[in-house]
Amino acid sequence: MHVVRVIIGILAAAVIGGCAGRPVNERITQVDPQSGYRPYLLIPKRKNNDQSTLFVTSFSGGGTRAAALSYGVLEELRRTAIHVGGERRRLLDEVDLMIGVSGGSFTALSYALYGERLFDEYEQRFLKRDVQGELLSRALNPFNWWKFVGGTAGRSELAAELYDEILFENATFGDLLKKDGPVAIATGTDISTGYRVAFFQNDFDLLCSDLNSVRLSRAAATSSAVPVVLSALTFDNYGGSCGYRYPAWFEAVTRAEGRARPTARAFQRYLAMESFQNSKDRPYIHLVDGGVADNIGVRGVIETLEELGASARFRGEVGFGVVKRIVLLVVNSHASPSTDWDREEDPPGMIGQLLQASGVPIDRYSFETVESLKDRAEIHKWRRELLVARARLAGKSEAEADASVPKVDIQVVDIAFDAIRDAKEREYFMNLPTSFVLAPEQVDRLREIAGRLLRASPDYQVLVREMGGTPGN
């Protein structure tokens, strides 16, 4: 009876007092392009890193399944020896940027925060933990209700609290500025417009907000806030009040005549940026799972390639002139649980249809995105060969012609369960649930298959050889 009175008292106090609200992201009065959590500022500062290669990893969504598969990739990159400038190094040391969506964001953010320490702690602190059960327990605990009843916080804020306790230790993006590892970017989706929002200062400039004070746990909670199951996370929008200036590629992709091509995606990005600048009509931005906009996290890479191609001045501003090779490693943990629907006359129920209707388009879109990247890499190669041929026809020697055309190779490596040859083993991984709890043996099998898929990838084998290593060693 005493407990009941306590609970009633807490709930009453919450209703009367208005209860605790969500964290507020800090405002900035003036954008400073030379400070903050920005890849073009942080990557050049990395020690013993080959600046001529921009190495990007992209970890897809998929709960613990995605977190474990991406972690297995990090383990394989850590085992792979290469040679840079005559020095023996690990391929993992060459990774400059990690993009994480939903479950993949936990691995990316955790490695950026902990570095080598991650390989001693991540399994027990997160991968082999019943995170989903702990979230449910907290949500059902009446002593937590006062935080959310009638306030602006929601279930995802409760999740962020748990992530801090078990993994992120209240670290912020400002804390990552002191790290020497890769830049990690988690992504979310603006539920009102479907636009992508990335957790790095460039995007927070649009909101006239300081990313340094934002906790990593809140970024991870945003990136994994599955609509309906978890609540959206709300950020204050001060856009249009801090002297924001559009980047140098802006004019090339927005002018009515002579618009640089192909820049359709970059132009759509401009429309998104313009929308976030309108804080008068949009004082709050509500973000959900990054997988809603892009479940493999490479849409931003495609847009950036268009922006770089559209403006030489922009390439200079972000220090792209030293880059000779772009490597994109896509880790796609998509699953496709088998059903027996086609053996029955009765159609599947409403929940089954809803899950399938949302999952199948995301998987198909992810496949097309990866193929588009590969096509772009081939077109880029052919275009350079054509320009070199034209230079030779103009009377230049082969060496002069080659030197007259900037050379930037684009290499795409992707792994997914579809590449598993054994049908039974492929079915096993395809049927793993999208949740935040897996059995320890499932986690271990995901880690093992990640390394095996990488080693078997012809594109990965070429990359390792070109970087002075031996595939599989």
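This section describes the overall make-up, the interior, one enclosed helix, a loop and its following strand, and the salt bridges of a predicted model.

The protein contains 19 helices and ten strands. Of its 473 residues, 52% are buried. The accessible surface amounts to about 22,400 Å², and carbon and sulfur atoms account for 53% of that area. Contacts across the chain are often remote in sequence: among those between residues at least 6 apart, 80% join residues at least 24 apart.

In soluble globular proteins, nonpolar side chains tend to be buried together. In the present model, the largest nonpolar core comprises 121 residues, and the members that touch the most others are F126, F173 and F199. The surroundings of F199 illustrate how residues from separate stretches of the chain meet. When residues up to four places away in sequence are not counted, F199 touches Y37, F173, A184, I185, A186, F204, L211, V214, A219, T222, F235 and L287. One of these partners, F173, is itself named with F199 among the members of the core that touch the most others.

Helix α4, which covers residues 103-114, is an enclosed element of the fold. Twelve of its twelve residues are buried, so α4 is largely enclosed by the rest of the structure. The buried residues of α4 include glycines G103 and G104, the aromatic residues F106, Y111 and Y114, and the hydroxyl-bearing residues S105, T107 and S110. A108, L109, A112 and L113 are likewise buried in this helix. The length of α4 is consistent with its residue count: at 1.5 Å a residue, its twelve residues should span 16 Å, and its end C-alpha atoms lie 17 Å apart, which agrees. Just after α4, G115 adopts a positive phi of about 60°.

The loop between α10 (216-223) and β7 (233-236) holds residues with contrasting exposure. S224 is found in this loop, and it counts as buried because its relative accessibility is 1%. Leaving aside neighbours within four places in sequence, S224 is in contact with S102, F106, Y163, L230, D289 and F436. Among these contacts of S224 is F106, a buried residue of α4. V229 lies in the same loop, between α10 and β7, but counts as exposed because its relative accessibility is 57%. Together with V226 and V228, V229 makes a nonpolar surface patch of about 300 Å².

Strand β7 includes L233. This residue is buried, as its relative accessible area is 0%. Outside the four nearest places in sequence on either side, L233 touches S156, E157, R218, A221, T222, A225, I285, H286 and L287. One of these partners, R218, is 15 residues from L233 along the chain, and the C-alpha atoms of the two are separated by 8.2 Å. T222 and L287, both touched by L233, are also among the contacts of F199.

The salt bridges number 29. In one of them, the side chains of E303 and R196 meet with an N to O distance of 2.2 Å. E303 lies in helix α13 (residues 299-310) and R196 in strand β6 (residues 196-198), so this pair ties together parts that are 107 residues apart in sequence. Both partners fall under the 20% limit for burial: E303 has a relative accessibility of 5%, and R196 has one of 11%.

A second pair is formed by R269 and D203, whose side chains meet in a salt bridge of 2.6 Å, N to O. This pair links distant parts of the chain, with R269 in helix α12 (residues 264-276) and D203 in helix α9 (residues 201-206), 66 residues apart. R269 counts as buried at 8% relative accessibility, and D203 counts as buried at 8% as well.

A more local arrangement is found in helix α18 (residues 440-456), where E448 and R452 lie four residues apart, about one turn of the helix. An α-helix has 3.6 residues a turn, so residues three or four places apart point the same way. The closest N and O atoms of the salt bridge between E448 and R452 are 2.9 Å apart. E448 is partly exposed, with a relative accessible area of 38%, and R452 is partly exposed at 31%. Beyond these pairs, E75, E123, K128, D444 and R447 are linked in a network of salt bridges.

Conventions: Residues are numbered from 1 along each chain as its sequence is written. This is a predicted model: local features need pLDDT of at least 70, side-chain atom pairs count only at pLDDT 80 or more; totals for chains, interfaces and linings use all residues. Side-chain values use heavy atoms; hydrogens and water are left out. Patches are made of residues with over 30% relative accessible area and no salt bridge: like charges are joined within 9 Å, nonpolar side chains (Val, Leu, Ile, Met, Phe, Trp, Tyr) within 5 Å. Accessible areas come from the Shrake-Rupley method with a 1.4 Å probe; for residues, only the protein chains shown count as cover. A salt bridge is a side-chain nitrogen of Lys or Arg within 4 Å of a carboxyl oxygen of Asp or Glu. Helices (H or I, at least four residues) and strands (E, at least two) are DSSP runs, numbered from the N terminus. Buried means under 20% relative accessible area, exposed over 50%, partly exposed in between (1.4 Å probe, protein chains only). A nonpolar core is a set of buried Ala, Val, Leu, Ile, Met, Phe, Trp, Tyr and Cys residues joined through side-chain atoms within 4.5 Å. Contact means heavy atoms within 4.5 Å. The expected span of a helix is 1.5 Å times one less than its number of residues.
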